[in-house]
Amino acid sequence: MSVPKSLMVLLVVGIGGAPSVVQGQAADSIASVPDSTTEDTPAVARRVATAFAEGDARRLLTPSADRVEISLFGNRTFYSDSQAVYVLREFFRRHPSGRFAMGDVMAAGTSFFVRGEYEEARMARRHHVYVRLDQPQGEDLWNLHEVRIEHAE
């Protein structure tokens with residue numbers, strides 16, 4: 001088994017039984033909000049996970065940068081924040097959400113990264129998801145800058 005597949009197996013086994021999404025999170029910070037299902041998951045990561053789990057483009061993009069990079073299955077394009085809503089709504093329409101399993105979550109300076117696996121409801125197809133958010137200086141909220149969705153092998 002190759003190294004990436006081995007890591008994916010460990011990821012799936014490690015998070016297989018643990019719920020990683022909370023409904024209705026209000027705050028959008030990296031401060032941890034303790035509860036019984038997410039323990040130490042930052043609110044910004046829960047925002048991303050909930051948006052993918054619910055297929056909610058608006059939630060994912062609120063707030064977002066003026067220009068958002070979206071890469072769907074290898075096709076990378078920069079969109080205005082309003083165009084990005086339509087692009088992601090169309091993605092969720094064509095690939096309805098079954099569930100989202102959060103993987104790696106990492107903060108590095110003013111950037112925040114979430115990696116996870118998105119599973120479609122109808123076809124049981126899986127996709128790798130990579131999201132990058134940035135925090136403007138002096139602000140509490142994280143703006144979405146990049147979404148990359150790739151086929152899982």
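Me: Why is Arg 99 called partly exposed?

Reply: Arg 99 has a relative accessible area of 39%. Buried means under 20%, exposed over 50%, and partly exposed in between (1.4 Å probe, protein chains only), so Arg 99 counts as partly exposed. A word on the background: this is a predicted model, where local features need pLDDT of at least 70, side-chain atom pairs count only at pLDDT 80 or more, and totals for chains, interfaces and linings use all residues. Residues are numbered from 1 along each chain as its sequence is written, and side-chain values use heavy atoms, with hydrogens and water left out.

Me: What makes Glu 119 buried?

Reply: Glu 119 has a relative accessible area of 18%, and buried means under 20%, so Glu 119 is buried.

Me: How do you know that Glu 119 and Arg 99 meet in a salt bridge?

Reply: A salt bridge is a side-chain nitrogen of Lys or Arg within 4 Å of a carboxyl oxygen of Asp or Glu. For this pair the N to O distance is 3.7 Å, so the definition is met. Glu 119 lies in strand S4 and Arg 99 in strand S3, 20 residues apart (strands are DSSP runs of E, at least two residues, numbered from the N terminus).

Me: Why is the pair Arg 126 and Glu 119 called a salt bridge?

Reply: Their closest N and O atoms are 3.1 Å apart, and the cut-off is within 4 Å, so the pair qualifies. Arg 126 itself is partly exposed, at 37% relative accessibility. Through shared partners, salt bridges join Arg 99, Glu 117, Glu 119 and Arg 126 into one network.

Notes. Helices (H or I, at least four residues) and strands (E, at least two) are DSSP runs, numbered from the N terminus.
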